[in-house]
Amino acid sequence: GWDAMLAFSFPLYFWKQSYGVNSVGLGREAAVADYNNMENMTRWMAQEAWTMADAARLTKQLYEEKIVPQSSQALKGALAAYPAGKIDFQTLLNIERTNKEAKLKLFESQVNYGKALAELERITGGERK
């Protein structure tokens, strides 16, 4: 009898090359997804910083235009009323304490506004005008 043997040799590097092509495509998709994610995060952070800055501005404006002037006016009235005997010393001290607290809150709101603007500038990379 005769025996015959047949063998074929297929190089495996064809599949290896296709894996490389696929991984390059996946790497590009991952890079695009990372970029989109960073862009979305930056927009969200900028919007959050803008909201915080606007809230701090409104708080500062409220203290500057309403609370501190009214508190100072109340203190002036109390200083005029105390010598006349219309209010006692305890009330005068409470009104003065309230006035000082309002001024302190005004300074805190000014600091918070400045910090919020600095955070907004950091995120956007710009300078306020």
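Here is a walk through some of the salt bridges in this predicted model. Searching the whole structure turns up 6 of them, and three are worth visiting one by one, moving along the helices.

Start in helix α1, which covers residues 13-81. Here Arg57 and Asp54 pair up through their side chains, with N to O at 2.7 Å. Why can these two face each other? They sit 3 residues apart in the helix, so about one helical turn separates them. As for how open the spot is, Arg57 has a relative accessibility of 32%, so it counts as partly exposed. Asp54 is partly exposed too, at 28%.

Now hop over to helix α2, residues 89-124. Look for Glu101 and Arg97: their closest N and O atoms are 3.2 Å apart, and they form a salt bridge. The spacing here is 4 residues, which again puts the partners about one helical turn from each other. Glu101 comes out at 41% relative accessibility, making it partly exposed, and Arg97 is partly exposed at 44%.

Stay in helix α2 for the last stop, where Lys105 pairs with Glu108. What is the distance between the closest N and O atoms of this salt bridge? It is 3.8 Å, which still falls within the 4 Å cut-off, so the pair counts. Lys105 and Glu108 are 3 residues apart, so they too are separated by about one helical turn. Lys105 is partly exposed at 41% relative accessibility, and Glu108 is partly exposed at 35%.

How values were computed: Residues are numbered from 1 along each chain as its sequence is written. This is a predicted model: local features need pLDDT of at least 70, side-chain atom pairs count only at pLDDT 80 or more; totals for chains, interfaces and linings use all residues. Side-chain values use heavy atoms; hydrogens and water are left out. Helices (H or I, at least four residues) and strands (E, at least two) are DSSP runs, numbered from the N terminus. Buried means under 20% relative accessible area, exposed over 50%, partly exposed in between (1.4 Å probe, protein chains only).
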